[in-house]
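User: Please take a close look at one part of this model: the place where a strand of one chain pairs with a strand of the other. Then work outward from there.

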Amino acid sequence: MTSLPDTSKSGQIKLGLVIDLDTCVGCQACAVSCKEWNTQGYSAPLTDEDPYEANPLGVWLNRIHGYEVADETGNGRAVHFPRSCLHCEQPACVSVCPTGASYKRAEDGIVLVDPDTCIGCKLCSWACPYGAREYDHDDGVMKKCTLCVDRIYNENLEPEDRQPACVRACPTGARHFGDLGDPDSAVSRLVAAREGFDLLPAMGMKPVNKYLPPRPRRDASTAGAEPLRLTELAGKGDAMERLFGWLDKVLS
Amino acid sequence: MHPAYSVIVFTTASGMGYGLLALLGMVGAAHGPASNWWFAATCLAVAFALIGVGLLSSTAHLGHPERAWRALSQWRSSWLSREGVAAIVTFAPGLAFGWAWLDPDADPYLLGFLGLATLALSAVTVACTGMIYQSLATIRHWHHPLVTPIYLAFALATGSALLMAIAEIFGRGQVVLSTITAASLVLVLVLKRLWWRAVDRDPGRFTMGDATGLGTLGVVRQWEVPHTAGNFVMNEMGYRIARKHAEKLRRLVAAGLVLALALSLVAFTGIEALAIPAAVVAAATSYAAAFLERWLFFAEARHVVGLYYGAPRA
């Protein structure tokens with residue numbers, strides 16, 4: 001049934017990710033690890049079309065964007081921005097599904113697609129504001145992040161591996177997995193401490209995944225400082241700096 | 001949004017078919033059993049053929065058409081499912097009405113009931129089609145209260161133009177048919193114009209800063225896309241049509257509707273030599289305008305996910 005489970009009661013488990021935009025370095029390890037695991041797991045296959053041709057197209061459940069944020073002084077900072085399914089509490093992708101193939105699990109809140117009943121109408125991808133769903137033209141069904149449902153409960157894996165592949169792969173600890181329904185969980189405390197936020201809260205989907213904002217610049221040497229000009233070095237500093245300053249003046 | 005031809009054929013052909021069927025139901029309810037068997041049979045056959053072609057076409061864009069029956073299960077939450085259920089339910093009174101209408105000895109009360117039930121359920125089905133789009137909050141062009149009325153108005157206009165054409169061919173043209181056609185075409189023009197104005201004036205609620213949550217820190221700009229080639233989301237949701245092309249096509253839609261309107265007025269005058277070609281061309285032009293309008297309905301629609309891929313507003 002595409003009617004949604006009641007997730008408002010206390011004690012409801014809401015598994016999700018917390019993504020730290022301050023420490024993410026955009027290395028794509030999470031995206032590659034996701035593709036590697038899920039092309040042989042629950043969502044298998046994650047088809048690539050024409051992978052070695054001019055216009056390759058493929059299903060990826062995790063995409064890493066790059067944005068620049070310019071403050072009022074004109075100083076910019078790069079923010080790497082991983083984007084995947086947010087396992088919303090009110091997922092429109094689930095309620096528009098005509099077949100019930102798209103569903104939200106009552107026990108842990110994971111949003112999944114049943115590949116055996118999906119008809120591939122793509123309406124769920126239209127209903128999602130976050131672009132989290134990718135259609136597999138080869139398989140004829142919709143694919144999406146499963147929160148590695150086939151890892152996190154998998155007793156054949158070592159305990160430290162029972163977390164989503166993206167979280168396990170992240171070299172900077174920018175991705176955290178846990179129960180966001182429990183206010184005392186490590187992820188919930190992290191969200192509270194770092195003022196984690198929802199993406200597009202006005203869309204009303206109540207995402208479970210949270211994003212942690214980049215930390216403020218610490219001091220004047222990194223925040224709002226005027227960029228150093230080589231010409232200003234002319235006549236200052238040691239001999240080498242004076243030489244470069246003079247060269248810059250002559251050449252520019 | 002990417003315009004899928006199967007969906008355009010589905011919504012326009014089934015819309016025209018349901019419009020025609022609804023009018024036949026009204027005619028049957030008002031006038032009792034059909035006075036001309038061949039005329040009535042032709043109208044019914046054309047209506048059901050258009051509905052059938054439309055519904056079959058709607059399965060053409062599915063990844064698994066053989067599982068289409070599953071789409072009837074989630075009517076409690078999904079407008080697409082409701083549309084499927086309504087389409088199938090409409091066949092019951094529709095076919096029963098057709099059977100009774102062709103029977104000269106049919107009970108007029110039963111015929112009237114079946115005719116009105118066909119009319120009502122046809123309208124419900126087209127409204128469900130419109131609601132599939134109108135219910136999507138992610139696409140501001142579609143999440144607009146005029147979208148479903150426009151779907152209904154197009155169904156009525158194209159259906160009545162078709163009925164007018166068939167009636168003229170059978171020498172049964174009536175002023176009332178031309179009047180309904182002309183009036184519904186005017187309604188389409190008015191609603192469409194209001195909708196175009198509304199979507200043009202609305203710059204979009206959200207910015208890239210809202211989508212990323214980084215807007216509180218400053219002005220957000222995309223500097224790196226997540227992949228070197230395209231992807232499904234960009235192809236499906238990122239389809240864009242240049243504004244000047246859109247304006248040209250909008251004018252073409254309006255011109256088609258005005259031409260159909262003028263021709264239905266020619267049929268209205270009842271000049272016999274002109275009535276048949278005018279009515280037939282009016283029906284064809286109204287369908288062509290509906291088809292082009294539906295293509296534009298997709299091509300002009302902007303999805304909020306575009307913000308993650310560099311759209312400044314959505």
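Analyst: Gly66(A) sits opposite Glu224(B), a residue of strand S1 of chain B. A second facing pair is Val69(A) with Val220(B), again in S1(B). Both pairs concern the contact between strand S4 of chain A, residues 62-70, and S1(B). Five bridges join these two strands, and they run antiparallel. This is a predicted model, so read each pair as a computed feature.

Now the other partner of S4(A). Strand S5 of chain A covers residues 76-84 and pairs with S4(A) over nine bridges. The sense is antiparallel here too. Asn62(A) has Ser84(A) in S5(A) as its bridge partner. S4(A) and S5(A) form a hairpin, with five residues between the strands. Gly74(A) in this hairpin takes a positive phi near 95°. S4(A) is thus bridged to S5(A) within its own chain and to S1(B) in the other chain.

Next, the wider contact between the chains. On the chain B side, 45 residues are in contact; on the chain A side, 49. Four elements of chain B give two or more residues to its side: helix H3 (79-101), helix H7 (208-212), strand S1 (219-224) and helix H8 (232-237). Which of them gives the most? S1(B) does, with six residues. S1(B) is also the strand that the five bridges join to S4(A). By residue class, the chain B side divides into 22 nonpolar, 16 polar and seven charged.

Chain B also has a helix pair to set beside this. Helix H1(B) spans residues 5-31 and helix H2(B) residues 37-58. Their axes come within 7 Å and cross at roughly 155°. Angles over 145 degrees count as roughly antiparallel, and H1(B) and H2(B) are therefore roughly antiparallel to each other. The crossing is left-handed. From H1(B), the contact residues include Phe10(B), Met16(B), Tyr18(B), Leu20(B), Leu21(B) and Leu24(B). Among those they meet in H2(B) are Cys43(B), Leu44(B), Val46(B), Leu50(B), Ile51(B) and Val53(B). Glycines take part on both helices: Gly17(B) in H1(B) and Gly54(B) in H2(B). Serines do so as well, including Ser6(B) and Ser14(B) in H1(B), and Ser57(B) and Ser58(B) in H2(B). The residues of this contact divide into 17 nonpolar, six polar and no charged. The side of chain B that touches chain A, by comparison, has seven charged residues.

Conventions:
Residues numbered from 1 in each chain as written. Chains lettered and ligands numbered in written order. Predicted model: local features only at pLDDT ≥ 70, side-chain atom pairs only at ≥ 80, totals over all residues. Axes fitted to C-alpha atoms, helices over the stretch in contact; angles between N-to-C directions. Parallel < 35°, antiparallel > 145°, perpendicular 65-115°, else oblique. Left-handed = near helix turned anticlockwise from the far one by under 90°. Contact = placed C-beta atoms within 7 Å. Nonpolar A, V, L, I, M, F, W, Y, C, P; charged D, E, K, R; others polar. Pairing = 2+ DSSP bridges.
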